[in-house]
Every structure is written in C-alpha cells, then in structure tokens.
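Me: I would like a close look at one part of this model, followed by an account of how that part sits within the rest of the chain. Please take the time to connect the details.

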Amino acid sequence: MTDDPQAPAGRVVLVTGGNRGIGRAIAVAFGAAGYRVAITSRDGSGPAGVLAVQADVTDAVALDAAFRVVEAELGPVEVVVANAGITRDTLLLRMSEDDFDDVVATNLGGAFRVVKRASKGMLRARFGRVILISSVVGMLGSAGQVNYAASKSALVGFARSLTRELGARGITANVIAPGFIETDMTAALPEATQTEYKGRIPARRFGTVDEVARTAVWLASDDAAYISGAVIPVDGGLGMGH
Ligand code: NDP
C-alpha cells in the first residue's frame, strides 16, 4: 500500500453486495491490487481483510450510515462499484407490480442511492470512479426479464448522464455488462440449459467472477482515466460489443 493519494493502490473502494458472487470477487481483486476496500452486505458479512458494513441498497438512510462508517475507518470513497442486484423473472403478463418495483428499486434505485452518496466526496476530491454492474441482458433483452433488463439498460443512461454532469471534475462513470458468469445462479441451471447457453456464446464457456473483477480494477485505474460513459462487455462475445 502507498500513502500517495494519486496512486490507485492507496484509494478507497466501496462495493455493494460484496459478500458473495461477483461483488465478492471485485472486493477481493481490489484488495489484492492494494486498495482499501469496504463492502456493503445486508447481513454485515464480507470477505476477510475487507471492511464489511451492513446496508440494504433500497434504504438511503442505512446507506448513509454505512458511508459514515467507511469514511471514518478508511476515508472518503473514491471508487464505487454498484453491484448489488436481484432478479424476479417471469413473463410480463404474470409480472406483479412488486416483481417490477423490487427489481428496479434494487438494481437501478440502489445504484442511484449509492452513487449519489459517493459523489459528494468525489466532487470534493475532484476524483472519482463510478462503476455500475449491468448485464448483457440490458442490451439484448430476455424473455421473462422485462423488469431486470429495463433496470440494467437504464444504468447505461445513468452512467452517460453522470459522465456529462461530473466529467469535468475528474470523475468517470462506466458500465460493465457481464454475460453468463459462473456463480451460484448459473451453477443451479440444469446441465442441458447450460450447454444450450454455452452454444450461443462465441467463447463457448461461461465467464468467471475474476474476469469481471479484473475489468472493474482496470476501470478504476489511472490507465482508464480517459474512459467514461462506456459499456464494457465481459461476455465472451455474446453481445458483440453491443
Ligand atoms: P448474487 O445473487 O450472487 O449476489 C447478489 C448480491 O447483491 C448479494 O451480495 C446480495 O446480498 C446483494 N443484494 C441484493 N439485493 C440487495 C439489497 N436490496 N441491498 C443490498 N444488497 C443486495 O449475484 P451475482 O454475483 O451473480 O450478481 C452481481 C451483479 O452482477 C448483479 O447486479 C447481477 O445483476 C449482475 N450480473 C450477474 C450475472 C451472472 O451471470 N451472475 C450476469 C450479468 C450481470 P445478499 O447476500 O444480502 O442477498
């Protein structure tokens, strides 16, 4: 770790939903790169070596409290990764108001709340990296995922508007759009379904959480300082760059 505030290794990163899956891998990868890492999780748990704070991303008050803890323990958040997300899949005609609202409140509203809170410190520091975890589904669409796809494609407009608002202040905002990633969710799919999905992916395999994580670390780095408003696919070619 370094004390140079300009060096990526000294920076503070906050990852929402960093207790498992992709978020956990992102938190661990930032830690390995020497960042000071905090995560939020709903039960307060997190990987070793990381500051874990309890917060539900649908609750702005709880998020504010979590940020206060992180700021007190590590300092202002310079890199924020809005990763927490849920699915409530079903066909449109069967989709309830709650199915729709819960997904939008978590995936889109959660990103809004956490980025809004983080942006205060970033504006003061005139430095920030905003990374939003979307999905290939946001651009390709997916039957049974109207709520999820809408919430994920909205993150693109979010990042691009943020880029226009805050770009002059040293703050970048980008979207990572993972394809099928090896997680509990994809492991639970029947073998035949996994084989069928893999057949549609040019790389003929699912991605790993580490491949998504390394992309996030790169987007936060000084090497990516001139990249903003971009959608970076990590999908084995499934979305053809959107
Ligand atoms: P998981 O289901 O493994 O993890 C989801 C994370 O989000 C958990 O940490 C969960 O916390 C957290 N979370 C959910 N709702 C809330 C909430 N209201 N407040 C706070 N935290 C919440 O998902 P993945 O790791 O697979 O996915 C991570 C992100 O990547 C999601 O945004 C997902 O949409 C996206 N993605 C995933 C893909 C995949 O193939 N897996 C593909 C494309 C995108 P808790 O443990 O408390 O439930």
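In which loop is Arg204 found? Please start there, and then go on to the sheet, with particular attention to strand β6.

Reply: Arg204 is found in the loop between α7 (191-200) and α8 (209-220) of what is, it should be said at the outset, a predicted model. Although Arg204 is not a glycine, its phi is positive, at about 60°. The residue is exposed, because 10 other C-beta atoms lie within 10 Å and the cut-off for exposure is 12 or fewer. Arg126 also has a positive phi without being a glycine, in this case near 50°, and it is found in the loop between α3 (97-125) and β5. Arg126 counts as exposed too, with 11 other C-beta atoms within 10 Å.

The loop that holds Arg126 leads to the sheet, since β5 is one of its strands. Seven strands make up this open sheet, in the order β3-β2-β1-β4-β5-β6-β7, and the pairing is parallel. At its edges lie β3 (51-54) and β7 (231-234), each of which pairs on one side only, and neighbouring strands are turned by 20° against each other on average, with direction ignored. Elsewhere in the sheet, β1 (residues 12-16) runs parallel to β2 (residues 36-41) and is joined to it by 5 bridges, with Val12 standing opposite Arg36 in β2.

Strand β6 (residues 171-178) is mostly covered, and 8 of its 8 residues are buried. The burial extends to both faces: Ile171, Ala173, Val175 and Ala177 are buried on one side, while Thr172, Asn174, Ile176 and Pro178 are buried on the other. Within the sheet, β6 runs parallel to β5 (residues 128-133), to which it is joined by 6 bridges, and parallel to β7, to which it is joined by 4 bridges. Ile176 takes part on either side, being the bridge partner of Ile133 and standing opposite Ile232 in β7.

As for the wider setting, the unreviewed UniProt entry carries an annotation, "domain: Ketoreductase", that covers residues 11-179. Over residues 11-179 the chain is 48% helix and 20% strand, and the end C-alpha atoms are 28 Å apart.

Methods
Residues numbered from 1 in each chain as written. Predicted model: local features only at pLDDT ≥ 70, side-chain atom pairs only at ≥ 80, totals over all residues. UniProt positions renumbered as here; feature names shortened; annotations may be inferred. Helix = DSSP H or I, 4+ residues; strand = E, 2+ residues; numbered from the N terminus. Pairing = 2+ DSSP bridges. Axes fitted to C-alpha atoms, helices over the stretch in contact; angles between N-to-C directions. Buried ≥ 20, exposed ≤ 12 C-beta atoms within 10 Å, placed from the backbone.
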